[in-house]
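The following exchange examines how certain descriptions of a structure are justified. Each answer sets a value against the definition it relies on.

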Amino acid sequence: MIEIVDIGLLASIQGKAYRGSRHLGMPLSGAADPLTMGIANTLAGNAYDCASIEFSILGGAIKAHHDMHVGITGPIKQVSINGNDYDHHKSISLTAGDILMIEALPAGANIYMAVHGGLEADQHWNGNSTFTPAKIGGHRGRALQKGDVLKVNTGIKTDINKLYLMHTLPEKYRMQYGHHHIIRICPYTDALGQQLCDAPWNVGRQGNRIGYALDGDQNIISPPHMSKSVAVFTGHIQCPPSGAPFLLGPDAQTTGGYPLIGHVIRADRHIIGQIKSSDKISFIANKPHEARRVYQQKLKMWRDYIPDLHLD
Amino acid sequence: MNADNIFIYEDHARITILDDIMRQRLSTALLETREFEEVVLGIEELCVKFDPEYINDNEVKYLISQHLKSRNHDTISSPNHHRLDISFDHSHALDINHVAHIMEMNEAEFQNWFLQQRFRVQMMGFQPGFVYLSHDIDAPEIKRLNIPRAKVAAGSIGFLGTSACIYAHDGPGGWPIIGKVKNNIFDTANTPPNLLNSGDNIIFHLS
């Protein structure tokens, strides 16, 4: 078992997304940055989407109640065990009673801590991630609190020596984090693409897992008229009448009536999970066939390390 | 309706289908194929999301076109019928006077009118368990609130004249609220947790 010692700003269990449940009104949810969660789980010897802890913005701390192996990735400044610094690019071995502390970098938003075997999490439909608006998944459908004790699935047998040898994160898979994100999009018209890609956008202060309001020097001119409620997905860019685009995150609603002006390409949607308020975003326009090629290339590169990786 | 009406955007496709029943039937048929990651009903539109790693544009268009041509989806099982308990108490029905005024009725007349309507679940969306309802009677268009409420209580019934909705969870919302259902329409203790599904028929009963 793991005891939560410090949640930082916000922590929750994220794992399997609710893929295939959108017709019931259920958003995708899951890790805000599924690629980074996949790295943590691979370091821990798990499937890429085993239930893990998502520490948002500030990092956090846990206490191991028994011996265990963990993987930690994301915008990390420092990891320490009982006050001693530790290289977090490897699987980390904890013994009962150890306190593991994670300090976050100023840039980036979400750090993932996976435990070998995975955390136990409430299952609904195809997912087990925390979705707080409906109080489902994760740990009792809510964000984690100091003192929460989380169960670890301990039924998985692994050759620990193999775990150590195999799961040191190679240099080329170590992500860089900054305050300015370059994100490829498919705009829905050339004119919209020009406006979206012309200059960087500032990320508004009210952002969360549902999405981010963007603010630019010049908002979208003549935004399209309001439409009837239609399907929207993580990564879609809506345009309210104000002309300030709204970028939808993993917990975004399944349908919406604001006009859609483009979407983040499938290969880059995981980047949304590392955006935070006051960051900047520069969009680059892709055609759909380019977006698919980038998606195949990214999957190919990452599956050499995370064989079962799936990006939504 | 043919493949020319299917518009593909990298990993999702949109099809405009004005007929509610036809759209619902196609949605059910496409869900059953399990070829798509998501099948989502919208108003006058159906959208499918797919993984370009496994399926290409032509295959998407072919699959949808085949189901549009096929009459197999005409054999969908009958919708469920629900009688939901409603309260028009002013502690819940925050905008009923405003709505009744636009409907050119007094409050009692509006309540009676509402209880006589047969509603159909047009689609689910927005949040888990949330339902969009439609009815067949002409009614004036009612605008959403200028400033959405930060918190609308679970069970609240929103009304826009030609359509209505039921909020499944406490949360923000911009529909004028005319009452509240007493039934729990989303309960994780149940399998499935949602009480209502697309295509279901609903009448409201004063309790």
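**Contacts, cores and the interface**

Q: Which residues does B:Leu133 touch, leaving aside those up to four places away in sequence?
A: In this predicted model, B:Leu133 touches B:Phe119, B:Arg120, B:Val121, B:Gln122, B:Thr162, B:Ser163, B:Ala164, B:Ile166, B:Ile202 and B:Phe204. Each counts as a contact because heavy atoms lie within 4.5 Å.

Q: What makes B:Leu133 part of a nonpolar core?
A: Such a core joins buried residues of listed types, Leu among them, through side-chain atoms within 4.5 Å. B:Leu133 belongs to the largest one, which has 36 residues, and is among those with the most contacts inside it, as are B:Phe110 and B:Phe204. A second, separate core of 28 residues includes B:Ile8, B:Ile43, B:Ile64 and B:Leu160.

Q: Why is the pairing of A:Arg266 and B:Asp51 called a salt bridge?
A: The N to O distance between their side chains is 3.7 Å. The rule asks for a side-chain nitrogen of Lys or Arg within 4 Å of a carboxyl oxygen of Asp or Glu, so the pair qualifies. Across the interface of chain A and chain B, the rule finds seven salt bridges.

Q: How many residue pairs are in polar contact across the interface of chain A and chain B?
A: There are 23 such pairs, with both residues at pLDDT 80 or more. Helix 4 of chain A gives the most to the side of chain A that touches chain B, with seven residues. By class, that side has 21 nonpolar, 13 polar and eight charged residues.

Methods. Residues numbered from 1 in each chain as written. Chains lettered and ligands numbered in written order. Predicted model: local features only at pLDDT ≥ 70, side-chain atom pairs only at ≥ 80, totals over all residues. Heavy atoms only, no water. Buried < 20%, exposed > 50% of the residue type's maximum accessible area, 1.4 Å probe, protein only. Polar contact = N/O pair within 3.5 Å; in protein donor to acceptor, adjacent residues only side chain to side chain. Helix = DSSP H or I, 4+ residues; strand = E, 2+ residues; numbered from the N terminus. Nonpolar A, V, L, I, M, F, W, Y, C, P; charged D, E, K, R; others polar.
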